[in-house]
Amino acid sequence: MPTDEHRAMELLKRVPFGRVAASMRAMPFVAPARHAVAEGCVLLRMHEDLGYHRLSGGCVMAYCADNFGSADADLWSVQFTGTAEIIDPTAEELKLFGIGPHQVDDEPLDPVYMRLVPQFVTVHMLEHSRERRSGHAA
């Protein structure tokens, strides 16, 4: 795995949630998802009742995550773009997701799982000294 891909996967393991981005009838949409990393792929867990997985299965999509809400001095963002497919995760893969959430939009979580095979990986680092860090973005 190239260095940028390896670095992106390691950063992704530091946060539990991110955002799926794809298109629905040529209109973009973004939805939250839980992720895990396994064998060079990004595994995603979404709420089945939202229906977004049906539009993404087998299609090109992007998945991004960041640590922008953290108190870390150095902020980062990663994005994985590739094709996604609906999967039945193995018992080992299920363990990677951990517990929760239990509800999505006031409904019990009905999980659906996808595997994103990255074809393009982007890492952005926002590095600065602690003295210059403020509570405001960019």
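Begin by selecting phenylalanine 80, which stands opposite valine 121 in strand E8. The model is a prediction, in which local features need pLDDT of at least 70 and side-chain atom pairs count only at pLDDT 80 or more, whereas totals for chains, interfaces and linings use all residues. Residues are numbered from 1 along each chain as its sequence is written, and side-chain values use heavy atoms, with hydrogens and water left out.

**The strands around E5**

Display strand E5 (residues 75-87) together with strand E4 (residues 60-66): the two pair in the antiparallel sense over seven bridges. Two strands are taken to pair if DSSP finds at least two bridges between them. Helices (H or I, at least four residues) and strands (E, at least two) are DSSP runs, numbered from the N terminus. Within the pairing of E4 and E5, select alanine 65, which stands opposite valine 78 in E5. Next add strand E8 (residues 111-126), which runs antiparallel to E5 and is joined to E5 by 13 bridges.

With the whole chain in view, three helices and eight strands can be traced. Read from the N terminus, the order of elements is α-β-β-β-α-β-β-α-β-β-β.

**The nonpolar cores**

Which residues have the most contacts inside the largest nonpolar core? Select Leu12, Val42, Leu44, Met61, Tyr63, Val78 and Phe80; the core as a whole has 25 residues. The elements giving two or more residues to this core are helix H1 (3-12), strands E1 (17-24), E2 (27-38) and E3 (41-47), and also E4, E5 and E8. A second, separate core has six residues, including Ala36, Ala38, Leu43 and Phe97. A nonpolar core is a set of buried Ala, Val, Leu, Ile, Met, Phe, Trp, Tyr and Cys residues joined through side-chain atoms within 4.5 Å. Buried means under 20% relative accessible area, exposed over 50%, and partly exposed in between (1.4 Å probe, protein chains only). In soluble globular proteins, nonpolar side chains tend to be buried together.

Now centre the view on valine 78. Neighbours within four places in sequence aside, valine 78 is in contact (heavy atoms within 4.5 Å) with Ala8, Leu11, Leu12, Tyr63, Cys64, Ala65, Thr122 and Val123.

Continue along E5 to alanine 84, which lies in that strand. Alanine 84 has a relative accessible area of 2% and is therefore buried. A distance drawn from its C-alpha atom to that of leucine 44 reads 9.3 Å, although the two residues are 40 apart along the chain.

**Histidine 35**

Move to histidine 35 in strand E2. Is this residue buried or exposed? Histidine 35 is buried, because its relative accessible area is 3%. Its side chain reaches the backbone oxygen of leucine 12 at 2.9 Å. The side chain of histidine 35 also makes a polar contact with the side chain of tyrosine 63 (2.6 Å). A polar contact is a pair of N or O atoms within 3.5 Å; within protein, one must be able to donate a hydrogen and the other to accept it, and residues adjacent in sequence count only if both atoms are side-chain atoms. Beyond its neighbours within four places in sequence, the residues in contact with histidine 35 include Val15, Pro16, Phe17, Gly18, Val42, Leu44 and Phe97.

**The salt bridges**

Finally, show the charged side chains: the structure holds three salt bridges, each a side-chain nitrogen of Lys or Arg within 4 Å of a carboxyl oxygen of Asp or Glu.

- Glutamate 10 and lysine 13 meet through their side chains at 3.3 Å, N to O. Glutamate 10 is partly exposed at 34% relative accessible area, while lysine 13 counts as exposed at 52%.
- Aspartate 66 forms a salt bridge with arginine 19, with the closest N and O atoms 2.6 Å apart. This pair links distant parts of the chain, aspartate 66 being in strand E4 and arginine 19 in strand E1, 47 residues apart. Aspartate 66 counts as buried at 18% relative accessibility, and arginine 19 as partly exposed at 31%.
- Glutamate 93 forms a salt bridge with arginine 115, with 2.7 Å between the closest N and O atoms. Here the link runs from helix H3 (residues 91-97), which holds glutamate 93, to strand E8, which holds arginine 115, 22 residues apart. Glutamate 93 is buried, with a relative accessible area of 11%.

**The whole chain**

Return to the full view: buried residues make up 38% of the 138 residues in the protein. Of the contacts with a separation of 6 or more, 70% are between residues 24 or more positions apart.
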